[in-house]
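Please work through the following exercises with the sequence and the structure at hand. Each task is followed by a solution in steps.

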Number of protein chains: 2
Amino acid sequence: MESNVIFIPMAFAILGLLFMFIKMSWVKKQAAGSEKMQGISKAIKEGALAFLGAEYRLLLIFVVIASVALFGIAQYVDTTSILIIPAFITGAVFSALAGNVGMRIATEANTRTAEAAKTSLPQALKVSFGGGTVMGLGVAGLAVLGLSLLFFIFLGQFMTDGGDFYSDMTIVLETLAGFSLGAESIALFARVGGGIYTKAADVGADLVGKVEAGIPEDDPRNPATIADNVGDNVGDVAGMGADLFGSYVATVLAAMVLGNYIIKDMSVTTQFTDAFNNMGPILLPLVIAGVGILASIIGTLLVRISNNDAKEAQVQRALDIGNWVAIGLTAVASWFLIRWMLPMTMEMSFFGEGIKEIPSRHVFYAAMIGLAVGALISMVTAHYTSLGRKPVLGIVKNSSTGAATNIIAGLAVGMKSTFLSVLLFAAAIYGSYTLAGFYGVALAASAMMATTAMQLAIDAFGPIADNAGGVAEMSELEPHVRERTDILDSVGNTTAAVGKGFAIASAALTALALFAAYVTFTGIDGINIFRADVLAMLFVGGMIPVVFSALAMQSVGKAAMEMVQEVRRQFREIPGIMEGTGTPEYAKCVDISTQAALKEMILPGLITIITPVIIGLVFGAEPLGGYMAGVCVSGVMWAIFQNNAGGAWDNAKKSFEAGVEINGEMTYKGSDAHKAAVTGDTVGDPFKDTSGPSMNILIKLTCLVGLVIAPILGGHSSETGMAINEEEVSVEMAVESTDMASATVQYTVIKDGEKVSEIIMFEGTESEVYKQLEAFETGIKKQSGDNVKVIEKVDIKKR
Amino acid sequence: MESNVIFIPMAFAILGLLFMFIKMSWVKKQAAGSEKMQGISKAIKEGALAFLGAEYRLLLIFVVIASVALFGIAQYVDTTSILIIPAFITGAVFSALAGNVGMRIATEANTRTAEAAKTSLPQALKVSFGGGTVMGLGVAGLAVLGLSLLFFIFLGQFMTDGGDFYSDMTIVLETLAGFSLGAESIALFARVGGGIYTKAADVGADLVGKVEAGIPEDDPRNPATIADNVGDNVGDVAGMGADLFGSYVATVLAAMVLGNYIIKDMSVTTQFTDAFNNMGPILLPLVIAGVGILASIIGTLLVRISNNDAKEAQVQRALDIGNWVAIGLTAVASWFLIRWMLPMTMEMSFFGEGIKEIPSRHVFYAAMIGLAVGALISMVTAHYTSLGRKPVLGIVKNSSTGAATNIIAGLAVGMKSTFLSVLLFAAAIYGSYTLAGFYGVALAASAMMATTAMQLAIDAFGPIADNAGGVAEMSELEPHVRERTDILDSVGNTTAAVGKGFAIASAALTALALFAAYVTFTGIDGINIFRADVLAMLFVGGMIPVVFSALAMQSVGKAAMEMVQEVRRQFREIPGIMEGTGTPEYAKCVDISTQAALKEMILPGLITIITPVIIGLVFGAEPLGGYMAGVCVSGVMWAIFQNNAGGAWDNAKKSFEAGVEINGEMTYKGSDAHKAAVTGDTVGDPFKDTSGPSMNILIKLTCLVGLVIAPILGGHSSETGMAINEEEVSVEMAVESTDMASATVQYTVIKDGEKVSEIIMFEGTESEVYKQLEAFETGIKKQSGDNVKVIEKVDIKKR
């Protein structure tokens with residue numbers, strides 16, 4: 001059993017995919033509604049697939065270029081295998097496949113949800129959440145399957161009998177990093193490109209349709225309306241899915257790298273052995289991910305309501321129950337898995353503090369910190385962005401004095417929301433590290449990500465319900481259908497905001513785990529910002545998220561302008577379009593959004609990928625570490641700020657729909673205050689749907705690119721296979737000649753990742769020489785901590 | 001001569017102050033205009049002094065509390081002298097005095113400028129720039145005088161004959177840090193409080209006056225109009241003055257600390273000696289500052305125009321000539337001073353790279369980098385915020401589609417402006433460090449700040465001209481007077497934007513120099529962000545500027561609301577106010593702004609001062625270093641973003657005043673696009689005048705508080721008087737008992753700033769024991785670099 005534990009995650013991944021197929025065929029079997037509804041749904045589906053198709057073409061070019069670059073690295077660096085290229089391609093294909101499956105089912109589930117809503121709200125929830133479940137399980141199943149399969153293959157490829165376990169495993173994991181890089185590259189296209197797409201279509205549709213032509217949202221006469229609905233799927237379903245796919249894979253990978261590092265730490269004195277082919281700490285995160293799929297399946301089965309007149313609160317409760325059961329099951333399973341798979345106590349090297357004995361239960365506590373902080377950051381996000389809470393009400397109040405005060409209030413809410421989020425995040429780093437080092441940090445992230453399938457199911461159901469509303473509107477169904485889908489949509493908006501909090505928290509923890517893995521891979525002496533080059537790059541890194549956000553925001557503006565012109569042209573040129581007798585050319589709008597999104601994402605994408613490569617090659621490993629830290633710190637701040645400001649503005653505007661009390665007066669849609677709130681919402685749109693979520697990709701991809709090029713930078717090579725930090729200075733001594741009166745000792749100190757050889761002479765009697773040697777060695781050890789490993793003992797021969 | 005070089009900066013400081021008095025009496029001698037004009041000017045002056053008075057009362061409380069805290073530190077830490085309290089109070093008093101002089105002259109110069117403008121534009125420039133010169137020389141003169149006087153006194157107090165130079169000097173400089181802390185505390189009150197004041201009054205006056213009552217800006221019927229004009233002085237004159245006073249002092253101080261560190265590095269082998277009482281590197285920054293005052297005086301004399309019909313370009317040219325001459329003279333003088341005062345080559349310890357030989361001309365090059373980067377960052381600022389340039393025109397264009405697109409465009413301009421600014425800044429750190437270590441970074445900052453007197457003269461003349469326009473409007477002078485003051489005001493707006501760029505650049509470099517001084521003071525092993533506690537605090541530090549900005553923005557909103565209500569009340573209750581027969585109660589509005597500003601600045605002020613203290617005491621020196629770095633990185637980003645976005649929005653709005661072409665159509669004031677631009681400007685107001693400039697204070701004060709509490713945190717105490725870094729591990733050995741067969745050695749290693757004592761036994765014959773001891777010591781040294789200084793040699797006695 002133990003030695004075949006790698007098959008556990010594989011089995012659960014396959015189970016997840018099977019369950020996904022069952023759910024998928026169930027959703028497809030549901031009634032799809034009238035021909036008109038199916039026609040609209042089909043148009044959305046085709047638009048979404050058209051975007052994916054165009055994305056894949058651009059991606060193909062990217063994959064070819066990246067593969068050539070990886071080929072170069074593999075030629076240049078011994079520890080990087082050529083197999084990183086198929087790993088990279090597999091990662092890209094699996095992520096794209098998961099996105100494709102999710103998009104297809106989401107665009108099929110929308111009309112079926114609308115049809116179900118004709119008769120039953122519980123059934124509508126079941127269909128829409130079923131669609132979300134397919135997406136969630138597709139992402140989680142493919143991610144775990146890909147990781148465990150490739151890991152299994154690379155084990156067979158690179159682990160040599162009698163070779164150094166740590167250095168062999170390093171090659172396995174470095175090659176596996178290709179899978180993660182492939183996945184995250186897709187996320188870049190899906191999240192950034194998708195973010196630009198969705199907002200360009202949204203803004204374009206609203207500006208001409210609502211404002212200029214005065215027709216309602218989702219009106220079939222608006223040529224951009226299909227593009228708008230496609231955008232919901234492209235941005236919120238495929239973008240979020242690819243983002244979490246990337247986080248999920250990267251987190252597990254980083255935890256595996258750090259697990260390998262533990263094994264190395266524990267092999268200082270004696271070879272590490274356990275029942276899991278001596279790789280329990282490496283396999284653990286993979287197994288937890290697998291078990292998380294099972295927990296998520298159970299959770300999804302519990303999401304149901306029975307009351308046809310249910311309100312938002314009951315729907316929310318049903319989702320919460322499923323979510324908490326999944327999380328709870330994962331927590332319980334983690335306890336047993338950690339006890340089973342890890343040694344009772346582990347020796348971990350803590351930077352600057354030497355080796356510590358860590359009981360395995362501390363790893364469990366670290367994982368629990370991950371679960372708790374994930375939940376708490378989601379709650380903070382909900383507080384700052386939910387209807388009826390103080391922050392949103394403050395923005396509403398400030399809308400009464402105009403757009404400017406609305407904007408200032410919204411900016412302030414976003415900025416203030418960083419306070420608790422960052423404190424929680426800092427506490428998570430500090431707590432999980434204190435408990436179990438960077439392995440603890442990675443396990444905290446892994447535990448948080450273990451229920452990704454469930455999180456995504458909850459996230460993806462919102463856009464499906466939103467689309468169902470659109471289908472209902474466009475096919476002119478009875479009002480009660482739209483009312484029911486609106487209930488689901490409203491819950492979906494809350495889960496979307498919370499999901500964004502979860503996505504940031506997971507991206508940030510993932511980035512940190514990758515950062516730690518990067519440091520161990522390069523074998524540098526930590527990242528010291530009291531070096532000017534590191535400090536300078538910390539500033540440069542801090543600037544990148546700001547500029548990236550600006551570029552993303554501007555891209556939305558440009559793309560929206562193209563859309564506006566196209567919609568205006570159609571209104572002008574197509575006869576009978578406003579009377580409903582002429583058919584708008586929906587596909588043209590879809591095409592414009594697609595082209596604009598993909599064109600506009602190239603520059604920010606290049607900045608993300610190329611900057612760390614340049615910094616690494618020009619300045620070296622430690623400045624690149626400073627850059628990565630700068631990107632993470634600033635990126636987390638700007639992600640929270642932009643997401644929460646955008647979410648708060650959105651709900652401040654929505655507050656007016658039901659009417660809201662300002663200074664004792666009920667104020668509604670159409671008032672001046674509402675107009676001010678609409679301005680805020682328009683500013684917030686690119687914040688919360690484009691630049692904000694893009695930060696997740698930016699910080700993860702930066703750290704991942706660093707990890708992939710780490711072998712080029714570090715002093716780390718296959719010959720030594722040793723990653724050295726300050727506390728572990730290896731002293732190699734070889735006596736060249738001895739005599740009764742003197743010993744010439746050549747000794748090698750590994751410092752700052754470089755070997756420095758020097759010769760020292762001791763003179764005296766044989767006894768004196770022995771004692772001097774010993775004292776010298778003690779001196780070296782005293783200064784460099786207790787965990788010095790003397791590779792070769794000195795053997796003094798008498799002359 | 002050489003040994004009395006300390007009197008050079010004193011002499012130049014006194015010369016500067018004398019020149020200030022001459023200018024002041026000249027300005028006062030100018031005709032002050034009609035009784036009505038003098039009345040208005042008096043009201044502004046009284047309002048400004050009322051604010052200062054209220055500020056001083058609050059300050060007194062703060063000074064008492066801070067003094068008690070410093071007393072506590074002085075009791076607890078041996079190296080901190082009780083004299084830090086008078087130093088602190090002197091710093092506060094000198095900065096307050098400089099602000100007071102500047103405010104008085106600015107409020108006297110305004111009406112005299114208006115009077116001069118009746119007949120002559122050159123004369124109006126002379127008067128307004130004369131007022132600015134008084135401010136500039138007051139700040140620079142008092143700063144240099146205070147620093148050099150206190151340094152001289154503390155030298156006599158703490159330097160002991162035969163004592164360790166480095167440790168005695170450390171006490172001198174730590175005590176001198178009190179002066180800097182006092183100065184920066186005033187800056188906190190003046191910049192943050194003043195920033196809230198000026199915008200509360202501005203927004204309050206505009207909202208009720210312009211928008212509700214429909215009367216023009218600066219109309220005497222508006223009760224808030226005096227408060228508005230007071231605000232210009234409080235924020236732009238006193239706030240900017242205190243900000244630069246603080247930067248100036250802190251920069252020179254940090255350079256002195258790092259100069260002391262060079263002397264220590266050079267004393268490893270032999271005692272450092274030079275003709276300047278062995279403290280050339282410490283005195284150099286002070287002397288450069290003194291010479292900078294002379295250069296500034298010469299520069300100010302060149303600012304003049306002769307043509308009565310001159311336009312903005314000619315006025316700008318006159319300012320530029322003065323500025324460049326001052327900078328050029330400083331550069332030339334620096335060359336000779338550096339050759340004169342520094343050894344031809346210096347030994348500096350570079351973190352992780354050991355000792356390097358640095359020729360003194362490299363220090364000059366580093367200083368030139370400071371001058372160049374200061375100028376370049378100012379140019380970048382000008383590009384992003386000036387009328388008629390691409391960024392501002394882009395915002396103008398986006399105003400045509402409404403407030404939302406105007407806001408998005410403005411945010412994007414601010415965000416994008418971080419790109420070049422941060423790259424330049426990073427290049428400055430990297431370049432000046434590579435040339436001459438952190439001493440080079442500090443000298444770059446010192447050179448940049450050397451012409452502070454000139455910079456402030458240019459900065460302060462703008463608000464004086466602005467006020468002169470206000471006086472002209474309120475006293476209903478002829479239109480050509482306002483036209484002339486408008487020319488000066490318009491130039492003043494440009495110099496204000498550029499000045500903000502200069503203020504950020506100087507604050508950032510100052511903060512870095514303080515950061516470097518902090519690391520040397522605490523004697524820690526650098527700041528390694530591969531430690532979770534340091535990394536966590538890096539995130540917390542990154543969050544503080546964001547939350548601080550939000551609080552500052554909200555404070556403006558709250559204070560403005562109070563102002564609005566008061567103005568509405570006066571319009572309602574004072575009979576004949578709108579007809580000009582009733583007199584508004586100006587003082588009430590001044591009072592409201594004053595109280596609100598001071599009340600609202602308490603929370604951000606406390607956060608700034610207390611957070612680093614808590615982090616230092618709870619987590620230690622290295623995490624506090626991480627926090628400081630986080631505050632700096634994030635603070636610089638948010639300062640640039642907010643200042644430049646605000647400046648760009650302001651000028652986008654101003655573009656409409658002369659008319660601007662949008663999509664081929666001329667668009668003017670009153671158009672929808674203009675209204676959208678006004679919204680942007682209103683959002684930008686707190687950005688550029690409150691939260692943006694506050695960042696300067698936040699980052700400097702954070703580093704300064706760290707520096708002052710550094711002795712509590714580090715392993716640094718008066719017994720050893722040694723600042724230790726990784727490369728310099730001191731080994732103290734004391735033999736407790738020896739016999740023929742064994743030696744028990746108690747040795748102390750200073751690691752991570754903490755002393756660790758251990759006992760080791762060597763056994764053998766006397767000769768063996770000696771040799772073992774030596775080998776042991778060699779071993780320790782080998783591992784910790786070549787520049788180990790053994791404080792106490794072991795002396796083995798025979799039994």
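The exercises below treat the overall build, the nonpolar cores, helix packing and single residues.

The model is predicted: local features need pLDDT of at least 70, side-chain atom pairs count only at pLDDT 80 or more, and totals for chains, interfaces and linings use all residues. Residues are numbered from 1 along each chain as its sequence is written, while chains are lettered from A and ligands numbered from 1 in the order in which they are written.

**Exercise 1. The build of chain A**

Task: State how many helices and strands chain A has, and what share of its residues is buried.

Solution. Step 1: helices (H or I, at least four residues) and strands (E, at least two) are DSSP runs, numbered from the N terminus. On this basis chain A has 20 helices and eight strands.

Step 2: a residue is buried if 20 or more other C-beta atoms lie within 10 Å of its own, exposed if 12 or fewer, and partly exposed in between, with C-beta atoms placed from the backbone. In chain A, 66% of the 799 residues count as buried.

Step 3: two residues are in contact if their C-beta atoms, placed from the backbone, lie within 7 Å. Of the contacts in chain A with a separation of 6 or more, 83% join residues 24 or more positions apart.

**Exercise 2. The nonpolar cores**

Task: Identify which residues touch the most other members of the largest nonpolar core.

Solution. Step 1: a nonpolar core is a set of buried Ala, Val, Leu, Ile, Met, Phe, Trp, Tyr and Cys residues joined through C-beta atoms within 7 Å.

Step 2: the largest core holds 583 residues, and A:Val636, B:Leu258, B:Ala513 and B:Val636 touch the most other members. Residues up to four places away in sequence aside, B:Val636 touches A:Phe539, B:Val422, B:Phe425, B:Ile504, B:Ala508 and B:Ile699.

Step 3: a second, separate core has seven residues, including A:Phe762, A:Phe776, B:Ala775 and B:Phe776.

**Exercise 3. Three helix pairs**

Task: Classify the packing of H10(A) with H11(A), of H17(A) with H18(A), and of H9(B) with H14(B).

Solution. Step 1: axes are lines fitted to C-alpha atoms, for helices over the stretch in contact, and angles run from 0 to 180 degrees between N-to-C directions. Angles under 35 degrees count as roughly parallel, over 145 as roughly antiparallel, 65 to 115 as roughly perpendicular and the rest as oblique.

Step 2: helices H10 (residues 390-399) and H11 (residues 403-416) of chain A pack at about 165°, with their axes 7 Å apart. H10(A) and H11(A) are therefore roughly antiparallel. The residues of their contact comprise four nonpolar, six polar and no charged; here Ala, Val, Leu, Ile, Met, Phe, Trp, Tyr, Cys and Pro count as nonpolar, Asp, Glu, Lys and Arg as charged, and the others, Gly among them, as polar.

Step 3: the axes of helices H17 (residues 602-619) and H18 (residues 621-658) of chain A cross at roughly 150° and come within 7 Å. This angle makes H17(A) roughly antiparallel to H18(A). The contact joins A:Pro612, A:Ile615, A:Gly616 and A:Phe619 of H17(A) to A:Ala621, A:Pro623, A:Leu624 and A:Tyr627 of H18(A). Seven of these residues are nonpolar, one is polar and none is charged.

Step 4: helix H9 (residues 360-385) of chain B packs against H14(B) at an angle of about 135°, with the axes 8 Å apart. H9(B) is therefore oblique to H14(B). The residues of this contact divide into nine nonpolar, eight polar and one charged.

**Exercise 4. Four residues of chain B**

Task: Decide whether B:Ile297 is buried or exposed, and do likewise for B:Glu476.

Solution. Step 1: B:Ile297, in helix H7 (residues 280-301) of chain B, is buried because 25 other C-beta atoms lie within 10 Å. Apart from neighbours within four places in sequence, B:Ile297 is in contact with B:Gly16 and B:Phe19.

Step 2: B:Phe419 belongs to helix H12 (residues 418-450) of chain B. B:Phe419 has 19 C-beta neighbours inside 10 Å, so this residue counts as partly exposed. Beyond four places in sequence, the contacts of B:Phe419 are with A:Met543 and A:Val547.

Step 3: B:Glu476 lies in the loop between helix H13 (452-474) and helix H14 (479-522) of chain B. With 8 other C-beta atoms within 10 Å, B:Glu476 is exposed. Its phi is positive, near 50°, in a residue other than glycine.

Step 4: B:Asn663 is placed in the loop between strand E3 (660-662) and strand E4 (665-667) of chain B. B:Asn663 is exposed because 7 other C-beta atoms lie within 10 Å, and B:Asn663 has a positive phi of about 45° although it is not a glycine.
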